[in-house]
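Q: Could you walk me through this one, starting with whatever terms I will need?

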Amino acid sequence: MNELPLEITARDCKIAIAAGEFNRFIVQQLVDGALDALGRNGVPETGITLAWVPGAFELPLAADAMCASGKYDAVIALGAVIRGGTPHFDYVAGECSRGLARVGLEYKMPVIFGVLTTDNIDQALERAGSGAGNKGFDTAVAALQMIALLDRIRDK
Ligand code: INI
């Protein structure tokens, strides 16, 4: 059996982060978590591009442009969609997740889903805490793991 484990390999990675400005007090913590994880894993600041978009609904288009540019090894999409009793939630969260999945498959690149979809602000804050309790941190690790895995599968 040829098993390909989850791993992070040392190579010069270029990472793009698209972040939704809506609920920025939460999303900023996700961005900070992602930057922390990238730094700890040896990605230099010069290898990271951070772009803000108005809200989660705009993340797929930004991710599409980032993938199309050919400049990055992975795209991390960060946002916070909070239900708050409005049907808007379902449209924004649904289109955002569908769009991001489509972009990743279309460009055959890791497009990592770091969008919190919660019922309330407290649940979102819980997932935007420090260290491993931070979804932004986890998404950056996932991005690096997917880069390493695709390198192995594609024999790079
Ligand atoms: N955008 C979010 O990122 N989170 C939300 O919770 C949210 N809600 O609840 O409305 C939200 N709406 C804005 C949306 O993403 C677009 O930016 C806007 O509709 C313009 O296209």
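A: Buried means under 20% relative accessible area, exposed over 50%, and partly exposed in between, with a 1.4 Å probe and protein chains only. This is a predicted model, where local features need pLDDT of at least 70, side-chain atom pairs count only at pLDDT 80 or more, and totals for chains, interfaces and linings use all residues. Residues are numbered from 1 along each chain as its sequence is written, and side-chain values use heavy atoms, with hydrogens and water left out.

Q: Which residues of α3 are buried?

A: In α3 (helices are DSSP runs of H or I with at least four residues, strands runs of E with at least two, numbered from the N terminus), the buried residues are Phe89, Val92, Ala93, Gly94, Cys96, Gly99, Leu100, Val103 and Gly104.

Q: And what do they pack against?

A: They pack against α2 (59-69), β3 and β4, contact meaning heavy atoms within 4.5 Å.

Q: How does α3 run relative to β4?

A: Helix α3 (residues 88-107) lies across β3 (74-82) and β4, at about 170 degrees to β4; axes are lines fitted to C-alpha atoms, for helices over the stretch in contact, and angles run from 0 to 180 degrees between N-to-C directions.

Q: Switching to the sheet, what is the strand order?

A: The sheet is open, with 4 strands in the order β2-β1-β3-β4 and parallel pairing, where two strands pair if DSSP finds at least two bridges between them.

Q: Why is one side of β2 and of β4 left without a neighbour?

A: Because β2 (48-53) and β4 (111-118) stand at the edges, each has a single partner strand.
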